Amino acid sequence: MEKLKQAVKEIAYYRHQAKFSKLHLSLIPFLSLASSLYGALLYIRQSLYRSGFFSKNRLPVPVISVGNLTWGGNGKTPMAEFIAKRLADYGISPLILTRHWSLCRDLEIVMINGLMPWGNCKLLPLGPLREPLIAIKRANIAVVHHADLVLEQKLKDIKLVVQEIKESLPIFYTRMTPSYFFELRNISKKMHLGAVLNAVVLCVSAIGSPYAFVRAMEKIGPLFVDRFDFSDHYSFQLKDIHMMRGRLRQLEDKFGYKPIVIVTEKDYDRDPEILKHLHPFKVLVLCSEMQIIPCNGCNEDSFKSLLKELLEV
């Protein structure tokens with residue numbers, strides 16, 4: 001199943017079919033049909049909302065929508081945390097909901113994965129798009145995530161696509177900054193990032209952008225970084241633990257001392273218990289926070305001003 005998911009992802013993000021294997025080529029007709037059906041259902045659903053057949057509810061409080069046009073790695077979760085912390089500065093405790101199509105929104109934020117923005121520009125499952133790019137018109141703010149890992153020309157290309165759809169849309173750029181570790185068996189104790197200096201580490205993740213996670217670890221300064229990537233939202237199984245232990249033993253034999261396993265908070269939260277089966281290897285959880293990269297007048301202060309304006313309406 002993991003191999004199939006990987007093949008679907010490769011079809012969605014690579015434009016050159018000449019490089020596809022027989023598995024990729026055999027999947028394309030089925031994915032194309034499913035994509036057409038998905039597009040038709042999406043159009044019908046949106047038409048029913050526009051016509052008033054499906055009604056949208058107006059809450060007595062401001063509603064901020066953090067959405068994305070593509071699957072995985074767009075930074076929705078850290079952005080929701082970022083906003084929640086800023087609202088807390090104003091003495092507000094936000095309620096976080098998921099999947100609120102039926103709610104009227106006061107502020108719409110669209111998250112864009114700077115590493116893999118649009119793929120082949122096709123709708124799911126042939127491509128990565130949940131909606132056509134024209135849906136950017138609904139947004140009040142666009143945020144390009146992982147901008148620190150993207151070449152300047154690619155960022156310019158993303159900006160051009162966004163502004164061709166909605167020229168006046170303010171664009172912010174964000175990155176994930178590692179803060180500290182905590183150990184699986186002592187979650188209350190924060191560990192300095194220097195805990196892995198000159199160590200051998202195995203990065204294990206089931207997230208949308210494993211590359212960003214691995215790059216963050218490489219910048220911290222371990223002696224060697226290996227990786228084990230799974231598809232986004234995947235729940236680790238015992239068979240996966242056995243594979244990890246096998247890789248860890250190989251690393252131990254190669255370097256002469258026990259490597260450290262590093263996982264993301266998201267992977268830890270999904271199932272903290274199964275990771276305990278990696279004992280006696282140490283498991284550290286990397287905690288990171290989103291930061292806004294100042295660019296063309298769009299910075300954290302201007303972002304907070306937009307939130308404040310919304311709250312004062």
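These legends describe three close-up views of a predicted model.

**View 1. The second largest pocket and its lining.** The second largest pocket holds about 150 Å³ of space. Its lining is made up of A147, D148, E152, L155, K156, K159, Y173, I293, P294, C295 and N296. Helix α4 (residues 152-165) supplies the largest share of this lining, four residues. Sorted by class, the lining residues of the second largest pocket are six nonpolar, four charged and one polar.

**View 2. Strand β1 and its pairing with strand β2.** Strand β1 (residues 64-68) is largely enclosed by the rest of the structure, because four of its five residues are buried. Strands β1 and β2 (residues 107-113) run parallel and are joined by five bridges. Within this pair, N68 stands opposite M111 in β2. Between the two strands the chain passes through helix α3 (residues 76-89), and this β-α-β crossover from β1 to β2 is left-handed.

**View 3. T174 and the residues around it.** T174 lies in strand β4 (residues 171-183). The relative accessible area of T174 is 0%, under the 20% cut-off, so T174 counts as buried. Leaving aside residues up to four places away in sequence, T174 touches M79, V143, V144, H145, H146, A147, D148, M290, Q291, I292 and I293. Among these contacts of T174 are A147, D148 and I293, and A147, D148 and I293 also belong to the lining of the second largest pocket shown in View 1.

Conventions:
Residues numbered from 1 in each chain as written. Predicted model: local features only at pLDDT ≥ 70, side-chain atom pairs only at ≥ 80, totals over all residues. Heavy atoms only, no water. 1 Å grid on protein atoms, 1.4 Å probe; cavity = no way out; pocket = protein on both sides within 12 Å on 5 of 7 lines; lining within 4 Å. Points joined across faces, edges and corners; volume = space filled by probe spheres on them. Nonpolar A, V, L, I, M, F, W, Y, C, P; charged D, E, K, R; others polar. Buried < 20%, exposed > 50% of the residue type's maximum accessible area, 1.4 Å probe, protein only. Pairing = 2+ DSSP bridges. Right-handed = clockwise from strand over helix to strand, strands pointing away. Contact = heavy atoms within 4.5 Å.
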